[in-house]
Amino acid sequence: MIIDYTITQNGYTFSDALILDDDNTLTPEEIEAMKQARFDKWYKIITTPVDNPVFQE
Amino acid sequence: MATYYWVTGAGTWSTTGNTHFATSSGGTPTANNPTTGDTVVFDTNSGIAGASYAVTVTTTNTVTTVTLANPSAGTVSFNLGANFSNTGTFTFTSGAISLSTYTLSCNIFSSTNSNTRSIAFGTGNITVTGNAATVWNMATATGFTLTGTPQVNLTYTGSTGTRIIAHSTTAGSVGEVGAVSFTFSASGDAITINNGSYIKNLIFSSGSTNTVANSTLYVYGNYTLASGMTITAGTNVTNLFSGLNQQNITTNNVTLDFPINIGGTVNPTAITGNGSTVTVTYSAAFSFPAVGSKITVANVVPAEYNGTFTVTSSSNTTLTYSSSITGTVTTFGTISLASCTVQLQDAMTMGTSRTLAFNSGTLDLNNKTFTTGIFTAITSAPHSILFGTGTINIASNNATIWSNLSTASTPFTYTGTSKINCTYSGSVGTRVITSQQQTEANALNFYITAGSDNFQINGNRGYQTIDFTGFTGTFGIVPASTGNAVIYQNLVLPAAGVATGFGANSATYGFTFGSATNSQTFTSNGYLLDTNILKQAAGSLTLVGPLTLTSSVSTGQFTFTGGTFSTGGYALNCAIFNFQNTGTKTLTLTNSTVTISGGTSSSGFSGSNTNTTYNLTGSNIVFTTSATTFFNAPIGVFPQVTMGGTGTLNIGQASASNTITTLTNTTQPCTISLLATATQLNVTNFNVNGTAGNLVTLNSTVPGTQATISKTSGQVSVNYLNIQDSKATGGAAWDAYYSTNSGNNTGWFISSNLSNFLNLFDKQ
């Protein structure tokens, strides 16, 4: 089972898919929570600057 | 706990009734039926007089250890006729294994040597159950041949220890066709796959929570991770480069904090043709083109060698493709894997400091979000991105975060709607984007959505839209650029309030709006640009908001050579506005004030009388320089031209007339100098006035030669002028009061004092 979804929050758009076993027993609420958790993880990565150092020549 | 040796050659290994097992190597067989806890050995004495033999395995017993090696003068064929398992180590030294449709199960599988040996997988598989050890050891695969669909299932489900997969580090004879697929059952232990392993599919089943060490991998097939697992961060590269199949990538929200390469290229060391085939010799490191792969040969001289071909034969150092070429190669050029296609199955996120190197082939986003630190496509090979509705996010900083250097001869292409977000939100360093060369059809959209750092755009390259909404740093063209950055759609600058200008990045080159068809927009958001702007080609450009360029004549020029340019009713400020060329163009300045802050004696607001259409209602051309500037637009009727500076405004074009409805000034003193060689300047309203002690000079550009100004009717009444070499004509009365007659004037009434009323008497 493939569930394509897109979440847009704070101007950031995340297009993803949940690839689940066909016989999964997840509730709709659990699936929505999975979507949000995946967005939240990506959002944190993309909005947290990891500064590469400025090398002095 | 016995050890049994296979003897007397060919036979069947059954659960019971066996007649081939002895208790010593080459011994006499007795009625032994190995079972759990026993060891079975196939060795040099297992064949009759050392000859080849075949074993058909049908036992359902489980032994502990199997060692399989050739007889002294032949080959052992170990053929499964049923599922077979041993609970210890299966050591495969030499010989041939045929799995057919069955499973060979063992705790550890070991076959690392240089002997000739093979496994015909058919549709069977090897299942490895062990843990906390090197459970798969094929580190040295020299002499190994794998056929069928090589599949290894690793079924340990616990979380103890570290499993080591010591797989082949050379493609060698196992290449892409014989590459092994590894599927891990859900488990939670640590896993290490040795550096340099060549793998077909690498699959971690749903529910896996493993920690997998970062290692250099060459993956020919699908790559599937499980949501609960982790791959440690590192600098070892995962290479995706199938020449035969689409590779599907499913990350299940696992961050890939390591570099990834897609596709590859090589510089061949020799290319030879023989009429029916062409043979390419290349570095052994470039070992991936399997038979059936598509390769692109480029930049070879003579050019008859170039093109996309199917590999018909390949080894570590040569590949052969069918062709009919006989020329002598003088330049070797490059070879790339053309048929490499990588498709995302879900969003894919790399570490924010990692690099995706896109070397050749196709990256299919499949409408998903792809995130990386740096994206490079520094390649001469054809490569394409299928965006669909997907996006690419570039999260790194202080580096060239996007490099896409394809040239016209090795094109980059894309489909869908390109959207590349540059998302770094910090303030450190300089980000640089270098997109492909100036091909409108394949230019990309870039959105700089965050950051307060420095951002540079490489010039002499094409971009669709560049949008700085959300960015609050400074930006500019890469100082070493060799031309303008060409915009084919829209340019949106950062919001006003940030540092102005290009600052330290000020460059001669700026932006060209170059679309042949698009309706382009330019939103400056009040940003003061210290760079030149060129509008060219047949598309249109409309300002969205006022636009201000610097007053420097070297970096504040707006040049218009083709298509349609509209100020959109907004103010335009620049040093020079130049449309003095023969390009077909429409200039729309409706209800806009165009302020010219710089200029020279022959440039300022300068237009052509060829192929230019004007829309000028409500416009006002204002000159503010304290030096010399210039107005010349001989075809249009300009509603208003205003001298707002203290310098000199030259007006006119040789042998032509300019027409201005209202010519006026807002500063005193200043000079309005009419071109001596022009036909005449036509005005409706001449509202040029000085003040006491600050006369406005009206003269000719050539002292001693009159310049003509014409008004068809009515009366001109102006004050505080210093008039010289002026011929006033056209039917109107031309009166100047409190003014100075500096000589060589005709058609003027010039009085040094008093008002209109008092001078009525003088005029009589």
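Start by selecting chain B, where buried residues make up 54% of the 764 residues. Keep in mind as you go that this is a predicted model; its scores are ipTM 0.92 and pTM 0.91.

**Chain B as a whole**

With chain B still selected, switch to a cartoon view. You should find 1 helix and 82 strands. The radius of gyration of this chain is 40 Å, well over the 27 Å that the globule rule gives for 764 residues, so chain B is more spread out than a compact globule. Turn the C-alpha trace along its principal axes and it spans about 150 × 60 × 30 Å. If you draw a contact map, count the contacts with a separation of 6 or more: residues 24 or more positions apart account for 54% of them.

Now colour two ranges. The domain assignment of chain B gives domain 1 as 265–337 and domain 2 as 668–764. Taken over C-alpha atoms, the centres of these two domains of chain B are separated by 80 Å.

**Colour by confidence**

Next, colour chain B by pLDDT. The average is 91, and 95% of the residues score at least 70. Two stretches are worth picking out. Across residues 498–505 of chain B, pLDDT stays under 50, and the model has 19 contacts there beyond four places in sequence. Residues 758–764 of chain B are also below 50, with 5 contacts beyond near neighbours in sequence.

**The parallel sheet**

Select the 10 strands of chain B that run in the order β56-β59-β62-β65-β68-β70-β72-β74-β76-β79; they form an open sheet with parallel pairing. Which strands stand at the edges? They are β56 (528–529) and β79 (726–729) of chain B, each with a single partner strand, so one side of each has no neighbour in the sheet.

Zoom in on one pair inside that sheet. Strand β62 (residues 572–574) of chain B is joined to strand β65 (residues 593–596) of chain B by 3 bridges. Label Cys574(B) and you can trace its bridge partner in β65(B), which is Ile596(B).

Then go to Asp530(B), in the loop between β56 and β57 (533–535) of chain B. Is this residue buried or exposed? Asp530(B) has 21 other C-beta atoms within 10 Å, and the cut-off for buried is 20 or more, so Asp530(B) is buried. Add a distance from its C-alpha atom to that of Gln557(B): the two are 27 residues apart along the chain and separated by 9.4 Å.

**Backbone details**

Show the backbone as sticks for the next stops. The peptide bond from Val301(B) to Pro302(B) is cis, with omega near 10°; Pro302(B) sits in the loop between β31 (294–298) and β32 (307–314) of chain B. Another cis peptide bond joins Gln668(B) and Pro669(B), where omega is about -5°. Look for Pro669(B) in the loop between β72 (657–665) and β73 (670–674) of chain B.

Two residues that are not glycines come next. Ser655(B) has a positive phi of about 60° and lies in the loop between β71 (648–651) and β72 of chain B. It counts as exposed, with 10 C-beta neighbours inside 10 Å. Asn744(B) likewise has a positive phi of about 60°, in the loop between β81 (740–741) and β82 (748–750) of chain B. With 16 C-beta neighbours inside 10 Å, Asn744(B) counts as partly exposed.

**Last stop: the interface**

Finally, bring chain A back into view. The contact takes 19 residues from chain A and 30 residues from chain B. On the chain A side, the elements giving two or more residues are β2 (12–19) and α1 (28–47). Colour that side of chain A by class to see 9 nonpolar, 5 polar and 5 charged residues.

Methods:
Residues numbered from 1 in each chain as written. Chains lettered and ligands numbered in written order. Predicted model: local features only at pLDDT ≥ 70, side-chain atom pairs only at ≥ 80, totals over all residues. Contact = placed C-beta atoms within 7 Å. Helix = DSSP H or I, 4+ residues; strand = E, 2+ residues; numbered from the N terminus. Nonpolar A, V, L, I, M, F, W, Y, C, P; charged D, E, K, R; others polar. Domains from an automatic or database assignment. Rg over C-alpha atoms; globule rule 2.2 N^0.38 Å. Buried ≥ 20, exposed ≤ 12 C-beta atoms within 10 Å, placed from the backbone. Pairing = 2+ DSSP bridges. pLDDT = per-residue confidence, 0-100.
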